[in-house]
Amino acid sequence: MNTTLRRLASVVMVMFLALMVSTTWIQFFHADELNSDTRNIRSIYAEYGRARGPIVVGGEAVALSKPVDDEFGYQREYTNGKLYAPLTGFFSLANGTTAIEHSENDYLNGQADALWVDRLQNLLTGRDPEGSSVELTIDPKAQKAAWDALGDQQGAVVALDPKTGAILALVSNPSFDPNDLASHSTKKAGEAYTKLLNDDDDPLVSRATAEVYPPGSTFKLVTTAAALESGDYTPDTVIDAPSTYTLTGTRTQVGNFAGTSCASSGKMTLADALRISCNTAFLGLGGDLGADTMDEQAEKFGFGKSVDIPFKAAASTYDKDPDAMNTAQVELSGIGQGSVTATPLQVAMVSAAIANGGEVMQPYSVDTVRDPQLEVVRQTSPTSLGRAVSEKTAGELTDMMKSVVESGSGTAAQISGVQVAGKTGTAQHGDTSETDPHVWFTGFAPADDPQVAVAVVVEDGGDLGGQATGGSVSAPIAKAVMEAVLNG
C-alpha cells in the first residue's frame with residue numbers, strides 16, 4: 001500500500017513540476033511573443049488602458065492620449081496631424097504603429113528597460129502606469145514655413161542643423177491625418193487605412209525619408225567634391241563645356257537647360273560650371289572621374305546606407321554595377337541622372353556635410369525622452385558618421401555654392417543681409433515625353449556660420465509643370481525655411 005502511495009505521489013510531483021516548468025517557460029521565454037500576438041486581447045487592453053506619453057514639438061504636444069469613457073480608457077489624438085504625420089506616424093488599434101510611435105513605443109508606453117524604476121514605484125504605490133514624453137528636435141516655425149511654402153505641390157522638405165544633425169523640419173506632401181487611423185472603431189480605422197493605401201498619391205509614404213528620386217543637378221555637388229578630392233582639379237581648373245554632349249557608345253546627345261551654350265569657347269572653369277549648372281561639362285567630368293571614384297565619394301556622403309532617425313530612412317544609391325554601369329551611365333551620373341537616386345534627407349545631408357567643414361553628422365529627430373516626473377531618461381548626443389571631404393574642399397565647395405545663389409541658377413534663395421550657399425537641380429524621370437521634371441534646391445545659411453541646411457524637392461515641376469526649374473520653384477521654399485530658422 002505504501003509503495004503504491006509513494007509511486008502515486010512521485011507521479012503527481014513530476015506532473016506538478018512539469019506544469020511549473022512549462023508555465024514558467026511560456027511566461028518567461030515566450031512573453032514577448034505572446035504580448036505582441038494580435039489575438040491577445042488582454043495585451044491590447046493593457047496597451048490602450050495606460051496613459052501613453054506625448055510626442056512634443058517646441059514644448060507643445062503634437063500627439064497625446066486623453067482619457068475616454070470606453071473599454072480602452074485612452075484615445076490617441078494628434079494636433080496638426082497632417083503637418084507632423086511623417087514624423088509622429090500613427091498609433092492604431094487596427095493598423096499598428098509607424099514612425100516615432102513605432103520606434104519609441106517602449107518609452108511612450110512606459111515599458112522600456114530604462115523605466116524599470118518607475119514601473120517598480122507604480123507597483124509599490126498602486127499608481128497607474130504612464131508613458132514617457134518624447135521631445136523632437138523639430139523647430140515648429142521651420143516646420144510650418146516648409147508646409148506653407150510647399151503648399152499644394154507634391155514633394156518634400158528636410159532641414160538639418162549641420163553642426164549636430166538635428167532635424168529641424170521634415171515635411172511631406174500629400175500627407176494624412178493620423179486621427180483617422182487612431183479611431184477605436186476598427187471598422188472606421190480599417191476603412192481609413194484602406195482608402196489611404198489605395199490613394200494614387202501615396203500619402204502614407206514619406207517623400208522626405210522613404211521615397212528616392214533622381215537628384216539631378218544637386219548631385220553635381222558630389223561630382224565636384226570627387227573632382228576636388230582627387231587632387232587633379234581646383235575650382236579654377238578649365239574643363240570642356242560643349243554646346244551638346246554625345247554619350248559615349250551612343251548617338252544620344254544631351255544639351256544644357258533650354259538648349260543654351262555654357263560658354264562660347266566651349267570651355268569654362270569648374271567653379272563657373274557649377275554656378276550655372278552646365279550639364280555638358282559635368283557629363284564629361286563624371287566620365288573622366290569614373291564609377292569607382294564617384295561611388296566612393298557618394299558613399300562618404302552617406303549614399304548606399306540607410307539611417308535611423310530613429311525610424312529607418314531609405315538608402316540612397318549610386319549603382320556602379322558593371323553590367324549596368326557603362327561609360328554613358330557613368331557620364332549621366334555626373335549630373336545626377338541614370339542610376340543615381342536620393343532621398344531629400346540624403347541631399348540635405350550632402351549640404352550639411354559641406355556646411356560642417358566636410359564632416360557628416362548622423363541625422364536624428366528625437367532630442368530628449370523624459371519619464372512622467374520629467375526626469376531625463378535619454379538624451380541624444382550628436383554623432384559623426386565620418387568625413388566626406390577635407391575642410392579645404394568643403395571651403396571651396398562653399399564658395400562655389402555661394403556664387404550659385406549670388407549670380408547663378410539659385411538667386412531666388414537670396415536672403416537680405418545673409419550669405420546663402422546653394423545648388424539647384426532639375427531631374428528627368430520616367431518617360432520624359434509624358435512627365436515633367438522634378439525640381440530641387442539644396443543649400444545652407446549663413447554661409448560663413450551655418451545654422452541650417454535644407455533640401456527641397458517638388459515633383460513634376462509643381463505648379464509650373466514643364467516650365468519649372470529648381471531655381472524658380474524649390475529655391476523660394478528653401479529660402480522660407482532658412483529664414484524661419486534664422487529669425488528664430
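How many cavities of 30 Å³ or more does the count come to? The count comes to 5, and the tour below visits one of them along with a pocket, two cores, a helix and a set of paired strands. Please keep in mind as you read that this is a predicted model.

## A cavity inside the model

Rolling a probe the size of a water molecule over the atoms shows where empty space is left. The second largest cavity holds about 50 Å³ of space. Its lining is made up of Pro215, Thr218, Phe219, Leu221, Val222, Phe303, Ala342, Val347, Val350 and Thr442. Helix H11 (220–230) and helix H16 are the elements that give two or more residues to this lining.

What classes of residue line the second largest cavity? The lining has 8 nonpolar residues and 2 polar ones, with no charged residues.

## The second largest pocket

Now for an open space. The second largest pocket has about 590 Å³ of space. It is lined by 32 residues, and the closest to its centre are Ser217, Asn256, Phe257, Asn279 and Thr426. Two or more lining residues come from each of strand S11 (253–255), strand S19 (421–427) and helix H18 (470–486). S19 provides the largest share, with 4 residues.

The class make-up of the pocket lining is 10 nonpolar, 19 polar and 3 charged residues.

## Helix H13

Asn279, one of the residues closest to the centre of that pocket, is also one of the buried residues of H13. Why is helix H13 (residues 279–289) described as largely enclosed by the rest of the structure? Because 9 of its 11 residues are buried, the helix is largely enclosed.

The buried residues of H13 are Asn279, Thr280, Ala281, Phe282, Leu283, Gly284, Leu285, Gly286 and Leu289. Just after the helix comes Gly290, which has a positive phi near 90°.

## Two nonpolar cores

In soluble globular proteins, nonpolar side chains tend to be buried together. Here, the largest nonpolar core has 101 residues, and those touching the most other members are Leu136, Leu270, Phe301, Phe303 and Tyr318. Helix H16 (residues 344–355) gives this core its largest share, 9 residues. You have met Phe303 already, in the lining of the second largest cavity.

Leu136 is a good residue to click on. Apart from neighbours within four places in sequence, Leu136 is in contact with Ile55, Val56, Val57, Leu87, Ile100, Ser365, Val366 and Asp367. There is also a second, separate core of 29 residues, with Ala169, Ala413, Val473 and Ala478 among them.

## Strand S7 and its partners

Which way do the residues of S7 point, and are they buried or exposed? Gly155, Val157 and Ala159 point one way, while Ala156, Val158 and Leu160 point the other way, and all are buried. Strand S7 (residues 155–160) is thus mostly covered, with 6 of its 6 residues buried.

S7 has an antiparallel pairing with strand S8 (residues 167–173) over 6 bridges, in which Leu160 is opposite Ile167 of S8. The two strands form a hairpin with 6 residues between them, and Gly165 in the turn has a positive phi of about 90°. S7 also pairs with strand S21 (residues 452–458) in the antiparallel sense, over 6 bridges. In that pairing Val157 stands opposite Val456 of S21.

Notes: Residues are numbered from 1 along each chain as its sequence is written. This is a predicted model: local features need pLDDT of at least 70, side-chain atom pairs count only at pLDDT 80 or more; totals for chains, interfaces and linings use all residues. Side-chain values use heavy atoms; hydrogens and water are left out. On a 1 Å grid over the protein atoms alone, a cavity is a set of points where a 1.4 Å probe fits but cannot get out, and a pocket is an open set with protein on both sides within 12 Å along at least five of seven lines; lining residues have an atom within 4 Å of a point. Grid points are joined across faces, edges and corners, and a volume is the space filled by probe spheres set on the points. Ala, Val, Leu, Ile, Met, Phe, Trp, Tyr, Cys and Pro count as nonpolar, Asp, Glu, Lys and Arg as charged, and the others, Gly among them, as polar. Buried means under 20% relative accessible area, exposed over 50%, partly exposed in between (1.4 Å probe, protein chains only). Two strands pair if DSSP finds at least two bridges between them. A nonpolar core is a set of buried Ala, Val, Leu, Ile, Met, Phe, Trp, Tyr and Cys residues joined through side-chain atoms within 4.5 Å. Contact means heavy atoms within 4.5 Å.
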